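The following exercises concern the surroundings of a ligand and two annotated positions. Each task is followed by a solution in steps.

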Amino acid sequence: MAEHPAYPVGLRLAGRRIVVLGGGQVAQRRLPALIAAGADIHLVSPEATPSVEAMADAGEITWHRRPYAEGDLAAAWYALIATSDTEANNRASAEAEAHRVWCVRSDDADAATAWTPATGTSEGVTVAVLTTDARDRDPRHTAAVRDAVVEGLRDGTLVAPHHRTRTPGVALVGGGPGDPDLITVRGRRLLAEADVVIADRLGPRDLLAELPPHVEVIDAAKIPYGRFMAQEAINNALIEHAKQGKSVVRLKGGDPYVFGRGMEELQALAEAGIACTVVPGISSSISVPGAAGIPVTHRGVAHEFTVVSGHVAPDDERSLVDWPALARLTGTLVVLMGVDKIGRIAETLVAHGRSPDTPVALVQEGTTAAQRRVDATLATVAETVVAQQVKPPAVIVIGEVVGVGPHEAA
Ligand SMILES: C[S@@+](CC[C@H](N)C(=O)[O-])C[C@H]1O[C@@H](n2cnc3c(N)ncnc32)[C@H](O)[C@@H]1O
C-alpha cells in the first residue's frame, strides 16, 4: 500500500458517526477539526485529557467511558485509532478493515487506511498537505509546507487572486503607523490582489515597492485636483477606477476612521453605487507612543486616554475641541497633527489648570527607521519643538504615562 501515494479527498462528515478511540493528546489535537466538520463524534476511552473532557461536557462529543470493544466501529464512516494499547489498536484496525471504515492510526501510519494531512485555512480555502510515501513520513516537513502556504496567503506574499468571488470595488485599508509589518493580514492580502492602489504619504509605503509591476500605484497627494478640493479629487479617482471594473485599494495611514476621512470616502463611493469594504488599521495614536515606550494607560497612573486633533489652534473658531474640559482631565492626552500648534495647546491646558510640569513626549515618524522621541513638559514644549526641530508626522503624548517607562529623555 505504501508504494502508492495517498488519494487526497475532503470528507463531508456533518451528522455522520465517527469513532475516536483514545482520549489523549492525539484526540485532543484532532477533535476540534472534527467538531468543526459537524461530525457525530463518539469517543471511546476510559480516560481523557481535561480539554477532551471539556468537549464532552459541552456536548460537542459523546464520551463512552470504557475501553474499545468489538463492534464499536460497525456503524462508523470514519475512525481515528489513538489508544496507547497497540494490541487494541490492531483489533480496532482489523474491525475497521472488515467494515470498510476509513481509519487513521496514530501509532502505525503504514497500517492505517487514511492519513490526516497537515491543514490550515485562509480566507475560505483549506490547505491540506500529505506525505506522498508512508515510508518517508516527515510530519514536521508537511507542517512546515502548510505553514508556508497559509502564512503566505494570509500576508499576501503568496498571491492567489480570487477569480470567482473577487468583485471589483474599493477597499479602504488601514495600513498602520508605517512599519510594513504592522498592517493587518487582511489589508496585506487585499493589497496583494489590487489592480490599483491609491496611497497616502503616511502608512506602510515600503509595501508599495513589493507590488507586482502591473499594479498601478497612485500617490494621493499628487492627484491633480483643479477645480475640485483634494479630497473630492481622491474620491473621483477611486470611483473612476472602480467603475472600470478594477480592484482598488485606498491605502491609508493608521486606521481609516481616526482622522482619516474614511467615512467621507465611503459615503462618496456609496453615492456612486460602488461596493466598498473597510479594513481597520493600527492607529498611530496608540501604537506610536507604544513604539517609543509609552503606554497610553498605566495602572495607578492613567485610567483614560483622549485622542484629539491639534490641526487647528484652541482659539480657532473652527475648533470642535473643548480644551478647558481636557485641561481638567488627569489622564493621558494624545494629540495628532499638533506639532505646529503645540505651543498654543500647552498654553491653553496650563491656563485651564493642567500643571506646567506635566510631562510631554513628541514621537516623530514612529515605528519607522527614522523614529525619534523628544521629551519636554507643558512649560517647555513650545521652545523644545523649535530647538529640537521636531517635524510632522509626530504623535504628542501629554501626561504622567510619559515617565513610566524605562526610557531616558533624549
Ligand atoms: C491625518 S492623521 C491620520 C491618523 C491615522 N488615521 C491614524 O489612525 O494613525 C495624521 C497624523 O497622524 C499622526 N501619525 C501618523 N503616523 C505617524 C507616525 N508613523 N509617527 C508619528 N505620527 C504619526 C501624526 O500626528 C500625523 O500628523
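Helices (H or I, at least four residues) and strands (E, at least two) are DSSP runs, numbered from the N terminus. This is a predicted model, in which local features need pLDDT of at least 70, side-chain atom pairs count only at pLDDT 80 or more, and totals for chains, interfaces and linings use all residues. Residues are numbered from 1 along each chain as its sequence is written.

**Exercise 1.** Locate the two residues that carry the UniProt annotation "active site" and determine whether each is buried or exposed.

*Solution.*
1. The annotation, from an unreviewed entry, covers Asp 200 and Lys 222; such annotations may be inferred rather than shown by experiment, and positions follow the numbering used here, with feature names shortened.
2. They are spread over 23 residues of sequence yet cluster in space, with a largest C-alpha distance of 9.7 Å.
3. Lys 222 is found in the loop between β10 and α6 (230-243), and Asp 200 in the loop between β9 (196-199) and β10 (216-219).
4. Count other C-beta atoms, placed from the backbone, within 10 Å of the residue's own: 20 or more means buried, 12 or fewer exposed, and in between partly exposed.
5. Asp 200 has 18 and is therefore partly exposed; Lys 222 has 7 and is therefore exposed.

**Exercise 2.** Explain why the ligand shell lies between two domains.

*Solution.*
1. A residue is near the ligand if its C-beta atom, placed from the backbone, lies within 6 Å of it.
2. Domain bounds come from an automatic or database domain assignment.
3. Domain 2 (169-279) and domain 3 (285-403) both give residues to the shell around the ligand, so it lies between them.
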